[in-house]
Amino acid sequence: MMPRRGLLGSLMLVVLAGCLPIELDVAQDGRVLIPRQEGFFTVDPTSGQVVKVYAPAQGEPMFAKFLSEDKQILALSKLPGGGMGVSTTMTRVDLTDGKTQQLATVGNMTYLTVSPDGKYAAYTRLADQPKGDAQEQFPELHSMEVATGITKALTPASSVAVIHRWFPDSKSILVFAITEKVTPVHEEGQEGQGPGEYYRGLLAKVDLADGKQTPLAAVLGGKDVFFDLSPDGKAVLFTALTAGKADATDLKPAQNEQLHELKLDSGAIRVVGPTVSFAVYSPNGKHVLLGGEAEAQVGGGMGMGGGEGLTLRVADADGGNARTIASDAMKQAGDMGDSAKIYPSWLGNDKVIYLTSRTVYGTTGKNLELVSIGIDGRNRTSLQATIDAAATK
């Protein structure tokens, strides 16, 4: 994974270590948790207060999540060393007294989430050996008790997508379980028509206690199917070429991915709108943040397509009243296709934070810049100068 040249300067917001996405966690009081080269920081966008909360004795800060009513954090650091694999150490940090406890070290981690009750972390890591007919190293799902650091494989026999979501009761996790890689065979002269390689799988509910999988929907999509679970645990938004009932065996892929909605109580599935890269519910579930390429249309609806960078839109939970709030968000950290993906975060229910790029004076490089903006597209504010000034003292 090669970062964009010039992106790793001392003022860079996030260290591009390993293959974890760049996704900033936000506390209930609005503080943003940020990993930088200098350590882990909390930033209060309202007051401008920046606090350095932890600097690992060894390793590079990568990713972090709030724990235990936002009084602790789970800090992930890339350990030093060569080789193709990346080892990540997980450390619990108490924000009240600064005490730390190293919990576990994991190789080739790809994503991490924390249960709503703060007692568990779930993470995906690349399997040690290729699996299935495709002979690819897909991620596997694991859990960790935050109090003890005890880890457990939840999907040892199957592969899952990188992204996963906790159900509100902290007892189960939503995954995209991959069952098959499909390589379409096109007739002569038809190579450019229809989708390329795609994956067949299931949106499934995985029990934390025993790893049992309950199928929820059949899905055809990319390896990076993105999905989000509504705060009340009753609906799922996901990207897919097509989807159907969990026992469907005759699904045919559309030419392009579309945004779908699954109602968990009834199993009903509908197409919400054209292609987006991601769709994330607001904390209260009343709005959805949509990320996609340059806008495909003006006015209502959720369509996006074409162009460079990422356009952010906010819609009602049902997909109506979509409106553009920003058109300069970055979608990945570097120019290479396998560089770290970047996801915006909700700042409460009325604002969003996202990363854009800014030119570094006197150089050809660009650094990441953290920006907040209202869901009406107003009050765009750069937080970067405040963060840089405090972090580099």
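Q: How many helices and strands does the chain have?
A: This is a predicted model, so what follows describes a prediction. Counting along the chain gives 32 strands, and alongside them sits one helix. So the tally is one helix and 32 strands.

Q: What share of the chain's residues count as buried?
A: To count as buried, a residue needs a relative accessible area under 20%. The chain has 393 residues to test this way. The share that passes is 50%.

Q: Among contacts with a separation of 6 or more, what part comes from residues 24 or more positions apart?
A: Take the contacts in the chain whose partners have a separation of 6 or more. Then pick out those between residues 24 or more positions apart. They account for 46%.

Q: In what order do the four strands of the open sheet with β2 run?
A: The sheet is open and its pairing is antiparallel. β2 and β3, which covers residues 32-36, are joined by two bridges. Across that pairing, Asp-25 stands opposite Leu-33 of β3. The full order is β2-β3-β4-β5.

Q: Which strands stand at the edges of this sheet?
A: An edge strand here has a single partner strand, so one side of it is left without a neighbour in the sheet. Two strands fit that description, β2 and β5 (50-54).

Q: Which helix packs on the sheet, and what angle does its direction make with that of β3?
A: The helix is α1, residues 384-391. Helix α1 touches β3, β4 (39-43) and β5. Its direction and that of β3 make an angle of about 55°.

Q: Is strand β16 mostly covered or mostly open, and how many of its residues are buried?
A: β16 runs over residues 172-182, eleven in total. The strand is mostly covered. The number of buried residues is eight.

Q: Over how many bridges do β16 and β17 pair?
A: β17 takes in residues 198-207 and pairs with β16 in the antiparallel sense. One place to spot the pairing is Ala-177, whose bridge partner in β17 is Leu-202. The pairing extends over ten bridges.

Q: What is the bridge partner of Ser-159 in β16?
A: β14 (residues 159-160) pairs with β16 in the antiparallel sense, over two bridges. Ser-159 has its bridge partner in β16, and that partner is Ile-178.

Q: Which residue in the turn between β15 and β16 has a positive phi?
A: β15 and β16 also pair in the antiparallel sense, over two bridges, with Leu-174 of β16 as the bridge partner of Arg-165. The two strands form a hairpin with five residues between them. In that turn, the residue with a positive phi, about 65°, is Ser-170.

Q: Is Asp-70 buried or exposed?
A: Asp-70 is in the loop between β6 and β7 (72-78), and its phi is positive, near 65°. Most residues other than glycine have a negative phi. The relative accessibility of Asp-70 is 15%, so it counts as buried.

Q: Is Asn-321 buried or exposed?
A: Asn-321 lies in the loop between β26 (310-316) and β27 (323-329). Its phi is positive too, at about 55°, although Asn-321 is not a glycine. Exposed means a relative accessible area over 50%. Asn-321 has 56%, so it is exposed.

Q: How many cavities of 30 Å³ or more are there, and what space lies in the second largest?
A: Rolling a probe the size of a water molecule over the atoms shows where empty space is left. The count comes to three cavities of 30 Å³ or more. The space in the second largest cavity is about 40 Å³.

Q: Which strand gives the most to the lining of the second largest cavity?
A: The lining includes Ile-22, Tyr-343, Ile-353 and Leu-370, and it divides into eight nonpolar residues, one polar and one charged. β1 (22-23) and β30 (351-359) each supply at least two of the lining residues. The top contributor, with three residues, is β30.

Q: What is the volume of the second largest pocket?
A: Its lining has 37 residues, and those nearest its centre are Asp-25, Val-26, Lys-65, Val-114 and Pro-283. Elements giving two or more lining residues include β2, β6 (60-67) and β10 (109-114). By type, the lining holds 18 nonpolar, eleven polar and eight charged residues. The volume of this pocket is about 1300 Å³.

Definitions and conventions: Residues numbered from 1 in each chain as written. Predicted model: local features only at pLDDT ≥ 70, side-chain atom pairs only at ≥ 80, totals over all residues. Heavy atoms only, no water. 1 Å grid on protein atoms, 1.4 Å probe; cavity = no way out; pocket = protein on both sides within 12 Å on 5 of 7 lines; lining within 4 Å. Points joined across faces, edges and corners; volume = space filled by probe spheres on them. Nonpolar A, V, L, I, M, F, W, Y, C, P; charged D, E, K, R; others polar. Pairing = 2+ DSSP bridges. Contact = heavy atoms within 4.5 Å. Axes fitted to C-alpha atoms, helices over the stretch in contact; angles between N-to-C directions. Buried < 20%, exposed > 50% of the residue type's maximum accessible area, 1.4 Å probe, protein only.
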